[in-house]
Amino acid sequence: MKLSIVIPVYNEENYVDAVIERVLAVPFPKEVSLELVAVDDCSRDATPERLKRWEEKGIVKVFRHEKNAGKGAALHTGFAHVTGDVVVVQDSDFEYNPNELPKLLAPILDGRADVVFGARASFVGSECHRVMYFWHSVVNKFLTLLCNMLADLTLHDMECCYKMFRREYLEKITLREKRFGFEPEVTIKLARQKCRMYEVTVSYSGRTYQEGKKINWKDGVSALRCILKYGLLRMD
């Protein structure tokens, strides 16, 4: 089985090398081969040069946007170029630990699941996790609840970055949201495919805004719009 790991990148010169190294060091089962696809969303720092070195070594497939378009747009580009049986999203910082990717892959490998979502420990209430912003937690729980109501799901953390899919299910849906609206859009559209969805708890080491966190209140409003658009209005 081939696992395609899509890494959207924007101004992550301080983290991207270490993240790729950690992904390559993950002890996946022997039957799993890796494909790394990085999409640089028009970074203005040294990120392109760092990714180019990985590309020249033949380790990472790299694609670049000439204009910043958002995380969702970067994922659209990455998904269009993967060749694996299974696809997963990996952020280009240290908020999520790549060593937990085998946990997400296990229900797919043993035939139980078609899609596996991560649920950050800070929202599930187990495992060690960094204590972060109160209002981020409140908004995340509200958005997850609303998404669950409209998609008829029982997720704990719809906004979690870690989402793993059998590629065949990803190819059945059309994704349109170019920024963080990707999260509710892909969740609702996958739910309509009646695929077998599982959830596993993952650790989380969130960044502060001083450390480079990019999401803000506007993204929360956008997520609400997308939940209503794709869930209530049922737009494609």
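In this predicted model, M164 of strand β6 is the bridge partner of V116. Strand β5, which spans residues 115–120, pairs with β6 in the antiparallel sense over three bridges.

M164 also stands opposite V88. Strand β4, made up of residues 86–89, runs antiparallel to β6 and is joined to β6 by three bridges. The two pairings of β6 are set out below.

| Strand paired with β6 | Residues | Bridges to β6 | Sense | Residue paired with M164 |
|---|---|---|---|---|
| β4 | 86–89 | three | antiparallel | V88 |
| β5 | 115–120 | three | antiparallel | V116 |

Strand β6 itself covers residues 163–166, and its side chains alternate in direction: K163 and F165 point one way, M164 and R166 the other way. All four of these residues are buried, the charged K163 and R166 included.

A separate feature of the model is the second largest pocket, which holds about 170 Å³ of space. Its lining consists of L150, A151, D152, L153, I188, L190, A191, R192, K194, C195, M197 and R234. Two elements, α6 (134–151) and α8 (182–191), each give two or more residues to this lining. Helix α8 supplies the largest share, with three residues.

In character, the lining of the second largest pocket comprises eight nonpolar and four charged residues, with no polar ones. The charged members are D152, R192, K194 and R234, while the nonpolar members include L150, I188 and M197.

Methods. Residues are numbered from 1 along each chain as its sequence is written. This is a predicted model: local features need pLDDT of at least 70, side-chain atom pairs count only at pLDDT 80 or more; totals for chains, interfaces and linings use all residues. Side-chain values use heavy atoms; hydrogens and water are left out. Buried means under 20% relative accessible area, exposed over 50%, partly exposed in between (1.4 Å probe, protein chains only). Helices (H or I, at least four residues) and strands (E, at least two) are DSSP runs, numbered from the N terminus. Two strands pair if DSSP finds at least two bridges between them. On a 1 Å grid over the protein atoms alone, a cavity is a set of points where a 1.4 Å probe fits but cannot get out, and a pocket is an open set with protein on both sides within 12 Å along at least five of seven lines; lining residues have an atom within 4 Å of a point. Grid points are joined across faces, edges and corners, and a volume is the space filled by probe spheres set on the points.
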